[in-house]
Amino acid sequence: MRFEPHLAEALAAARPLLGTGRVADYIPALAAVDPLAFGMAVATVDGEVHGVGEHERPFSIQSISKLFSLVLTLALGGDGIWERVGREPSGSPFNSLVQLETENGIPRNPFINAGAIVVTDRLHSLTGDAGTAVADFLRTEAGNPLLDTDPQVAVSEAGHGHRNSALAHFLASYGNLENPVATVLENYYAHCAIAASCRDLALAGCFLARHGVLADGTRLLTRSGAKRVNAVLLTCGTYDAAGQFAYRVGLPGKSGVGGGILTIVPGHGALCVWSPGLDPAGNSVAGVAALDAFTTSTGLSVF
Ligand code: DON
């Protein structure tokens, strides 16, 4: 398929929306980002990349990192993590505290903050350094030696992280953390603060389109393991907007408050879009429109 005309169509759909929505400002270092920025890249399973706009400009990946911490945890630690975190959509905001008490410290899914904190805790026990493990994985899959955590963003978030601290202490009170709260949060912020481009993330997400096989041909997840991660992405990856996202885009995807969205087209490749203005659920407004246009014009969808 020639992707350029479809990427141009995606850009045309996004353009009138650039600057709309709200840039995340609860992490002060993110508030300074250019609200008009836009980039989009598609990487095919054989490693070809096509892009439009600022697809090679790094941005803060934030919650997109939760996908990579989950797959590394599953690959290294097996399915035991599912005893500590669920697989159901939460229907609540990504940083909500309320469900955690009624559900006895077991977060609904690995992509809301509470669930991702539990996954980071497990990954830290498995690797000794969860933040570095996620950055190393992304660097290798993207083939970009410069890819790394932006320490300024990590420090900025840690300085304003009362909600995540509350979630982590709550999890600890239910016995659902293995490591000290401060250690877990430091690693969680480190992987959320990774700076990567649409190109990097599309390449790094491709192993899910290859049904679990990494860029070097080795296997990270079984075929059914990759299917399951894609299923959790589809149902939970864009929080309480997952229904609307599936309706408009028709692909498993993970969003972040930096304005990025990574989606998987099983068997074909991965698509990443970035534009910082967010809707109330924390998903990029222009990004969703661009993905909607791209999947509609290419017909690439799981449906
Ligand atoms: O913990 C937080 O609030 C951020 N580090 C990540 C949140 C996020 O990206 C939600 N996604 N849309």
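A polar contact here is a pair of N or O atoms within 3.5 Å; within protein, one must be able to donate a hydrogen and the other to accept it, and residues adjacent in sequence count only if both atoms are side-chain atoms. This is a predicted model, where local features need pLDDT of at least 70, side-chain atom pairs count only at pLDDT 80 or more, and totals for chains, interfaces and linings use all residues. Residues are numbered from 1 along each chain as its sequence is written, and side-chain values use heavy atoms, leaving out hydrogens and water.

Select the ligand and Y239 to begin: an N or O atom in the Y239 side chain is 3.3 Å from a ligand nitrogen. Add S63 next, where a polar side-chain atom lies 2.6 Å from a ligand oxygen. Then pick Y188, whose side chain places an N or O atom 2.6 Å from an oxygen atom of the ligand. Now show the ligand surface: taken alone the ligand exposes 340 Å², and the protein buries 99% of that (Shrake-Rupley method, 1.4 Å probe).

Widen the selection to the residues around the ligand (a heavy atom within 4 Å). Of these 14 residues, Y26, Q62, S63, E157 and Y188 come nearest. Which classes make up this shell? Colour by class and you will find 6 nonpolar, 7 polar and 1 charged residues, with Ala, Val, Leu, Ile, Met, Phe, Trp, Tyr, Cys and Pro counted as nonpolar, Asp, Glu, Lys and Arg as charged, and the others, Gly among them, as polar.
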